[in-house]
Amino acid sequence: MSSVTDYTPDATNDSNNPYLGDLKETLLAGDRPVQWLVIADDDPAMLRALQVALQGETAATLKKSWDLPIERDNHLRTSIEWSLRNSSIKNVLLVGHSEAIGAACQSVLAKSPSEGPRLNLQQDAHPNASPLLDRINRNNARQQAAMRSYAEQFGLFAKIPTVKQRAASGDLTLYGLYYRAESGVFLAYDVIENRYRPLMES
């Protein structure tokens, strides 16, 4: 497996890097220093919700597809490094997505397709029960795989050299959110306990 440190300087070339052009424009053209870097899927509904949540904050958004895992996305890692070295960013928010079934998630699903809750109702309850339960169980497995994949990707993200260095020195705070597209609800990812929790707990 590739290391998160294996990236090349030529990825900072705007013409080759799909992320860096917009990031440079946002980070260098603002009238106030940008404090937040948001890394999220290009889901309009989710991005609107994040924009509302960050109202009043200065933020740059890097729209990332999870089709390519962080350890293989040379452009993403280089863009993050460049952003942290050339801006006033103090907070990074990495947002997962329940429908982001890219290569990283497929890999997790292939390793443990049977993990997660399963329904084992009597199949003779209804003639169509078995296909329905199969679809539900497959969806549950896919959702569990997406959440495990996001946790793995967050861990790799935290190991990007500049991210790791600045977080260790207290100059950077990392936040994790996970978006459930079917409900429009965000869960907070607790990297210390490796668990998801509601943003509002009683």
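Read from the N terminus, the elements of this chain follow the order α-β-α-β-α-β-α-α-α-β-β-β. That comes to 6 helices and 6 strands, where helices (H or I, at least four residues) and strands (E, at least two) are DSSP runs numbered from the N terminus. The model is a predicted one, in which local features need pLDDT of at least 70 and side-chain atom pairs count only at pLDDT 80 or more, while totals for chains, interfaces and linings use all residues. Residues are numbered from 1 along each chain as its sequence is written, and side-chain values use heavy atoms, with hydrogens and water left out.

Let us begin with the chain as a whole. Of its 202 residues, 41% count as buried; buried means under 20% relative accessible area, exposed over 50%, and partly exposed in between, with a 1.4 Å probe and protein chains only. Take the contacts (heavy atoms within 4.5 Å) between residues at least 6 apart in sequence: 71% of them join residues at least 24 apart.

Now look for the sheet. It is an open sheet of 6 strands in the order 2-1-3-4-5-6, with mixed pairing; two strands pair if DSSP finds at least two bridges between them. Strand 2 and strand 6 are at the edges with a single partner strand each, so one side of each has no neighbour in the sheet. From one strand to the next, the twist averages 30°.

We can walk through some of these pairings. Strand 1 (36-40) and strand 2 (59-63) run parallel to each other over 5 bridges, and Ile39 has Leu62 in strand 2 as its bridge partner. Strand 3 (residues 91-97) is also paired in the parallel sense, with strand 4, over 7 bridges; here Leu94 stands opposite Gly176 in strand 4. Strand 4 (residues 173-180) then pairs with strand 5 (residues 185-190) in the antiparallel sense over 4 bridges, with Leu177 opposite Ala188 in strand 5. These two strands form a hairpin with 4 residues between them, and Gly184 in this hairpin takes a positive phi near 75°.

Strand 2 shows two faces: Ala60 and Leu62 are on the covered one, whereas Ala59, Thr61 and Lys63 are on the uncovered one. In strand 1, a good residue to find is Trp36. Why does Trp36 count as buried? Its relative accessibility is 13%, so Trp36 falls under the cut-off for that class. Leaving aside neighbours within four places in sequence, Trp36 has contacts that include Leu54, Ala60, Ile89, Leu93 and Tyr175. Trp36 and Ser88 are 52 residues apart in sequence, yet 8.6 Å apart in space, C-alpha to C-alpha.

Next, turn to helix 1. It lies across strand 1 and strand 2, running at about 180° to strand 2; axes are lines fitted to C-alpha atoms, for helices over the stretch in contact, and angles run from 0 to 180 degrees between N-to-C directions. Which residues of helix 1 (residues 20-29) are buried? They are Leu20, Leu23 and Leu27. Seen down the axis, these buried residues fall within an arc of 60° (taken from the directions from the helix axis to the C-beta atoms), so they line one face of helix 1. An α-helix has 3.6 residues a turn, so residues three or four places apart point the same way. What covers the buried residues of helix 1 includes strand 1, strand 2 and helix 3 (74-85). Asp22, Glu25 and Ala29 are exposed on the other side of helix 1.

Helix 3 also meets helix 6 (residues 161-168): their axes come within 8 Å and cross at roughly 40°. That makes helix 3 oblique to helix 6, since angles under 35 degrees count as roughly parallel, over 145 as roughly antiparallel, 65 to 115 as roughly perpendicular and the rest as oblique. Ile80, Glu81, Leu84 and Arg85 of helix 3 make the contact with Pro161, Thr162, Val163 and Arg166 of helix 6.

Finally, consider the aromatic rings. Rings of Phe, Tyr and Trp (its six-membered ring) pair if their centres lie within 6.5 Å; planes under 30 degrees apart count as stacked, over 60 as edge-to-face and the rest as tilted. By this rule there are 10 aromatic pairs. One of them, Tyr150 with Tyr196, is tilted, at 6.3 Å centre to centre and 45° between the planes. This pair links distant parts of the chain, with Tyr150 in helix 5 (residues 129-158) and Tyr196 in strand 6 (residues 195-198), 46 residues apart. Tyr150 counts as buried at 4% relative accessibility. Tyr150 and Tyr196 also belong to one aromatic cluster with Phe154, Phe157, Tyr178 and Tyr189.
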